[in-house]
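Trainee: I would like to learn how to read helix packing and burial in a model. Could you walk me through it?

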Amino acid sequence: MIEIHDLHKRFGDHEVLKGVSLKVEAGEVVCLIGPSGSGKSTVLRCINGLESYEGGEVRVLGERVDRHAKSIHDLRSSVGMVFQRFNLFPHRTALDNVMEGPLYVKRMPAESARREAMVLLEKVGLAQKADAWPAQLSGGQQQRVAIARALAMKPKAMLFDEPTSALDPELVGEVLTVMRTLANEGMTMIVVTHEMGFAREVADRVCFLHSGSIVEAGPAVQLLSSPQHARTQDFLRRVLRPQV
C-alpha cells in the first residue's frame, strides 16, 4: 500500500530525515513514536505530497509521490490526513465541512454528498451536531468532524499526525475510539502519536524515530514492552513514567 525507501529530507542545512525506509501493507496499522523533532510528522507530509523530498522514494499504491505531478490531487484523495489542529472551515457547519470534498473535488451531486456526510457524522457520533458551527463544538468534536471529512473522500489509507495532542485530556478518548473503529474495520493507518496505550492496543507495528532515522521497529506489544535499543528504552521510560 505505502512504500518508503531511503527517504531523505532537508530544511535548509538541517537534515530532518536521514534514510527512512518503511513498508505498510493494506489493512495494517503502524504507529510512529519518538521525541519532538525526530521527523515523524515530516514522514507523513512526504507520503501525501505536502512536502517534497531530496532523496529516496515514496510510493502509494505503486505510484511515486511527486508533489509537483498532476496526479498528486488524485493521490491526496486516496490518502486522507488528519492533523493536530482540526482545520475546519469556521464559516461552514459540521455537515458542510464533511460535504466539501465530495461536492467540489469529486463533483458528487449535492443530495448524495449530504446523505453520505450524514452517515459519516453518525459513524463518528456527531449526527446530532450536523448543523453546528465549529466554534460551537468541543475540540474532540471538531477532530471527529475532521476525521469524517477525511473519510468522505473514501481514502484507501489514513494518516494521523498527533490527532489528540491539541485536546484536553478528557476529550482524547472520544477521538481514539473513532480511530479504533477504523482500525477494526481494516483501514490502513499510519499514526504519529504519544498515546502509548493506543499504540499497544491497536497498532500492528510501532516504529521509534530518533534524529531522522527509524532506530527500532517491531510488533507493538513487543517493542513497547521490551525495547532493545537504548534510545527506545530511554524514551519509553520517560513517557511511561507515572505522573505525580
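Mentor: Happy to; we will go through helix pairs, then burial, then a few single residues. Keep in mind that this is a predicted model.

Trainee: Let's start with packing. What describes two packed helices?

Mentor: Two numbers do the job: the angle between the axes of the helices and the distance between those axes. Take helix H3 (residues 94–104) and helix H5 (residues 139–151): their axes come within 7 Å and cross at roughly 25°. H3 and H5 are therefore roughly parallel to each other, since angles under 35 degrees count that way. The crossing of H3 and H5 is right-handed.

Trainee: Which residues make the contact between H3 and H5?

Mentor: From H3 come Ala94, Asn97 and Val98, and from H5 come Val145, Ala148 and Arg149. Sorted by class, the residues of this contact of H3 with H5 are 4 nonpolar, 1 polar and 1 charged.

Trainee: H5 also packs with helix H6. How do the axes of H5 and H6 cross?

Mentor: The axes of H5 and H6 (residues 169–184) come within 8 Å, and the crossing angle is roughly 20°. That makes H5 roughly parallel to H6. Here too you can read the hand: H5 passes H6 in a right-handed crossing. On the H5 side the contact is made by Gly139, Gly140, Gln141, Gln143, Arg144, Ile147 and Leu151. H6 brings Leu171, Glu174, Val175, Val178, Met179 and Leu182 to the contact. In the contact of H5 with H6 there are 7 nonpolar, 4 polar and 2 charged residues.

Trainee: And H3 with H4: at what angle do they pack?

Mentor: H3 and H4 pack at an angle of about 125°, and their axes are 9 Å apart. H3 and H4 are therefore oblique to each other. Their crossing is right-handed. Ala94, Leu95, Val98, Met99, Pro102 and Leu103 of H3 meet Ala110, Ala113, Arg114, Ala117, Met118, Leu120 and Leu121 of H4. The classes in the contact of H3 with H4 are 12 nonpolar, no polar and 1 charged.

Trainee: Now burial. How many residues of H3 are buried?

Mentor: For this, buried means under 20% relative accessible area. H3 is mostly covered, with 8 of its 11 residues buried. They are Ala94, Leu95, Asn97, Val98, Met99, Glu100, Gly101 and Pro102. These buried residues of H3 pack against helix H4 (110–123) and H5, which ties back to the two contacts of H3 we looked at.

Trainee: What about helix H9: which of its residues are buried, and where do they fall?

Mentor: In H9 (residues 230–239), Thr232, Phe235 and Leu236 are buried. Looking down the axis of H9, its buried residues fall within an arc of 95°, so they line one face of the helix. On the other side of H9, Ala230 and Arg238 are exposed. The buried residues of H9 pack against several elements, among them strand E3 (29–33), helix H7 (196–202) and strand E9 (205–210). Strand E10 (213–219) and helix H8 (220–225) are also partners of these residues.

Trainee: Let me turn to backbone angles. Which sign does phi have at asparagine 87 and glutamate 162?

Mentor: Asparagine 87 has a positive phi of about 55° although it is not a glycine. Glutamate 162, also not a glycine, has a positive phi of about 45°. Next, look at where each sits. Asparagine 87 belongs to the loop between strand E6 (79–82) and H3, while glutamate 162 is in the loop between strand E7 (157–161) and H6.

Trainee: Are asparagine 87 and glutamate 162 buried or exposed?

Mentor: Asparagine 87 is partly exposed, with a relative accessible area of 46%. Glutamate 162, at 13% relative accessibility, counts as buried.

Trainee: One last exercise: what do threonine 42 and leucine 50 touch?

Mentor: Threonine 42 is found in helix H1 and, at 11% relative accessibility, counts as buried. Leaving aside neighbours within four places in sequence, threonine 42 is in contact with Lys9, Phe11, Val16 and Leu17. Leucine 50 lies in the loop between helix H1 (40–47) and strand E4 (55–60); at 24% relative accessibility, leucine 50 counts as partly exposed. Not counting residues up to four places away in sequence, leucine 50 touches Arg45, Arg67, Arg76, Met81 and Phe83.

Terms used:
Residues numbered from 1 in each chain as written. Predicted model: local features only at pLDDT ≥ 70, side-chain atom pairs only at ≥ 80, totals over all residues. Heavy atoms only, no water. Axes fitted to C-alpha atoms, helices over the stretch in contact; angles between N-to-C directions. Helix = DSSP H or I, 4+ residues; strand = E, 2+ residues; numbered from the N terminus. Parallel < 35°, antiparallel > 145°, perpendicular 65-115°, else oblique. Left-handed = near helix turned anticlockwise from the far one by under 90°. Contact = heavy atoms within 4.5 Å. Nonpolar A, V, L, I, M, F, W, Y, C, P; charged D, E, K, R; others polar. Buried < 20%, exposed > 50% of the residue type's maximum accessible area, 1.4 Å probe, protein only. Arc of directions from axis to C-beta.
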